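This briefing walks through one protein chain, topic by topic. Please keep the sequence and the structure in view while reading.

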Amino acid sequence: MGIIEIEGMEFYGFHGHYDVEQLVGNRFMVDVRIETDCSKAAVSDNLSDALNYQLLYAAIQKEMQIVSNLLENLVHRIIESIKQQFPAAQNVYVKVSKMNPPMGGQIDRVSISMNR
């Protein structure tokens, strides 16, 4: 097994429970970790034998454009999208962080992580 990680993907989105969050938007950071069999690609050096990172990024970007009230829902949708589009992904871990959340104080980020 191998591990593929894409870290620090930054998106601007309108996710959140409060009207102001869906109106003004915020910065979000996404980290993904996927366990998959990399042995064939390691030997062949051929992209068709690998999990294509560019297509993976595009799948995540698409989900980030769909507004969710809760980060839990957003993370779940990203995981389900990856599992559906990339059958070789055996264990998928996703972390989404909302930067500077509107919580009445100075907070760097709030994050939700899930794996399946």
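N100 counts as partly exposed because its relative accessibility is 45%, which falls between the 20% and 50% cut-offs. This residue is placed in the loop between β3 and β4 (109-115). The model discussed here is predicted.

**Backbone angles in loops**

- Phi of N100 is near 50 degrees, which is a positive value in a residue other than glycine.
- D45 also is not a glycine, and its phi is positive, at about 60 degrees.
- D45 belongs to the loop between α2 (39-44) and α3.
- With a relative accessible area of 73%, D45 is exposed, because exposed means over 50%.

**Overall layout**

- The chain contains 4 helices and 4 strands.
- Along the sequence, these elements come in the order β-α-β-α-α-α-β-β.
- Taken along the principal axes, a box of roughly 50 × 25 × 20 Å holds the C-alpha atoms of the chain.
- The chain has 116 residues, and 38% of them are buried.
- Of the contacts between residues at least 6 apart in sequence, 56% join residues at least 24 apart.
- The chain has an accessible surface of about 7100 Å², and carbon and sulfur atoms account for 50% of this surface.

**Charges and salt bridges**

- The chain carries 10 positive and 14 negative charges, and the mean positions of the two sets are 3 Å apart.
- Searching the whole structure gives 7 salt bridges.
- One of the salt bridges pairs R33 with E5, and their closest N and O atoms are 3.9 Å apart. R33 sits in strand β2 (residues 26-36) and E5 in strand β1 (residues 2-13), so the pair links distant parts of the chain, 28 residues apart.
- R33 is partly exposed because its relative accessibility is 29%. E5 is partly exposed as well, with a relative accessible area of 46%.
- E5 and R33 also belong to a network of salt bridges that includes E35.
- E10 and R27 form a salt bridge in which the closest N and O atoms are 2.7 Å apart. This pair, too, links distant parts of the chain: E10 is in strand β1 and R27 in strand β2, with their positions 17 residues apart in sequence.
- E10 has a relative accessibility of 44% and therefore counts as partly exposed. R27 has a relative accessible area of 32% and is likewise partly exposed.
- K98 forms a salt bridge with E21, where the closest N and O atoms are 2.4 Å apart. The two residues are 77 apart in sequence and link distant parts of the chain, with K98 in strand β3 (residues 91-99) and E21 in helix α1.
- Are K98 and E21 buried or exposed? Both K98 and E21 are buried, and buried means under 20% relative accessible area.

**A nonpolar patch on the surface**

- Which residues form the nonpolar patch on the surface? The patch is formed by Y12, F14, Y18, V20, L23, V24 and V67.
- Together, these residues have about 730 Å² of accessible area.
- Helix α1 (residues 19-24) contributes the most to the patch, giving 3 residues.
- V24 lies in helix α1. With a relative accessibility of 49%, V24 counts as partly exposed, because exposed would require over 50%.

**A position in helix α3**

- A58 is located in helix α3 (residues 53-64).
- The relative accessibility of A58 is 38%, so this residue counts as partly exposed.
- From C-alpha to C-alpha, A58 and H17 are 25 Å apart in space, and in sequence they are 41 residues apart.

Conventions. Residues are numbered from 1 along each chain as its sequence is written. This is a predicted model: local features need pLDDT of at least 70, side-chain atom pairs count only at pLDDT 80 or more; totals for chains, interfaces and linings use all residues. Side-chain values use heavy atoms; hydrogens and water are left out. Patches are made of residues with over 30% relative accessible area and no salt bridge: like charges are joined within 9 Å, nonpolar side chains (Val, Leu, Ile, Met, Phe, Trp, Tyr) within 5 Å. Accessible areas come from the Shrake-Rupley method with a 1.4 Å probe; for residues, only the protein chains shown count as cover. A salt bridge is a side-chain nitrogen of Lys or Arg within 4 Å of a carboxyl oxygen of Asp or Glu. Buried means under 20% relative accessible area, exposed over 50%, partly exposed in between (1.4 Å probe, protein chains only). Contact means heavy atoms within 4.5 Å. Lys and Arg count as positive and Asp and Glu as negative; His and the chain ends are not counted. The place of a charge is taken as NZ of Lys, CZ of Arg, CG of Asp or CD of Glu.
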